[in-house]
Amino acid sequence: MIETLKIRRVAGALGAEISGVDLSQPLSDSMIAAIRQALVEHQVIFFRDQDLTPAQHVAFGARFGPLNIHPYVAGMPEQPEAMELIKEPSDRINFGGGWHSDMSFLQTPAIGSILYAIELPEFGGDTLFASQAAAFEALSPGLQATLETLNGVHSASREYSAQGPSAQKRGSMKIAEADGYVGEYVHPMVLTHPETGRKALYVNPAFTLRIDGWKTRESKALLDYLFDHCRYEGFTCRFTWQKGSVAFWDNRSVWHFALNDYPGQRRHMRRVTVDPWPQIAAKSRVVQAAE
Ligand code: SIN
């Protein structure tokens, strides 16, 4: 049976709200296929009024692929694949408060992230999403063709180092320090989506250090241009959370940014992250430390 979902687009470039499905229940294969289809088509999908225990959240995520265990952020003791993202009223820095694509610093980056809202501030705390497929399509054919020949070097070394932004969140969240050389991984700067065939830029300000084979200062000009281009408002949508909301985004073609505009208030989310089937990352490879 082909399942049909109620889908309402929320912006021109990406994003759709889906209704009529209870994610806490065991879902049929055809329902999972319909959700997957909506995800790859709209790049980020939103659900409202869900009630998910950590085990139900993990079970839903596992229908889309193997689940990631984050190398630096501690998972829940009883569900290590689920991590709690908490900003306490006394915290100044939030987790995910900059444009990024989850786990691009791994050899096999995550394909999807499923975020569930448990406790929200009275105002603020929205998440922004930006379509990197729309960003790629808006470039000239000349630059598109050039970028398709290039690879980006990604690493957690900057974000998760002792001096990096994550260090300042260690008070409330259990975030480990990236100790010493944590590895650099090369990914194509343009990914062709394995399910839609649509091309998207795959570089991000948090984890892309430089262009492979280029010196850091040579890369900077082109990467700075792309980082600026990729966050153009016309490529974005903005999600205002309610308790029980879920966002599910496709990291292969979406950046996201958790806004930090609720000082003195608490925000508590839970995330499950879906790893790729191994063959999807076949083009990635390990490189040596930067010069
Ligand atoms: C994240 O980067 O996964 C966190 C996003 C959010 O908390 O809105």
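Reader: What makes β3 and strand β13 (residues 246-250) a pair?
Author: Two strands pair if DSSP finds at least two bridges between them. β3 and β13 share four bridges in the antiparallel sense, so the definition is met. Within this pairing, Phe46 stands opposite Ala247 in β13. The model is predicted: local features need pLDDT of at least 70, side-chain atom pairs count only at pLDDT 80 or more, and totals for chains, interfaces and linings use all residues. Residues are numbered from 1 along each chain as its sequence is written, and side-chain values use heavy atoms, with hydrogens and water left out.

Reader: Which strand pairs with β3 in the parallel sense?
Author: Strand β2 (residues 16-19) does so, over three bridges. The bridge partner of Glu17 in β3 is Phe46.

Reader: Why is the β-α-β crossover from β2 to β3 called right-handed or left-handed?
Author: The chain passes from β2 through helix α1 (residues 29-42) to β3, and this crossover is right-handed. The term applies because, with the strands pointing away from the viewer, the path from the first strand over the helix to the second runs clockwise.

Reader: Are the residues of strand β3 (residues 44-47) buried or exposed?
Author: Val44 and Phe46 point one way, Ile45 and Phe47 the other way, and all are buried. Each therefore has under 20% relative accessible area (exposed is over 50%, partly exposed in between; 1.4 Å probe, protein chains only).

Reader: What share of the 291 residues in the protein chain is buried?
Author: Buried residues make up 55% of them.

Methods
Helices (H or I, at least four residues) and strands (E, at least two) are DSSP runs, numbered from the N terminus.
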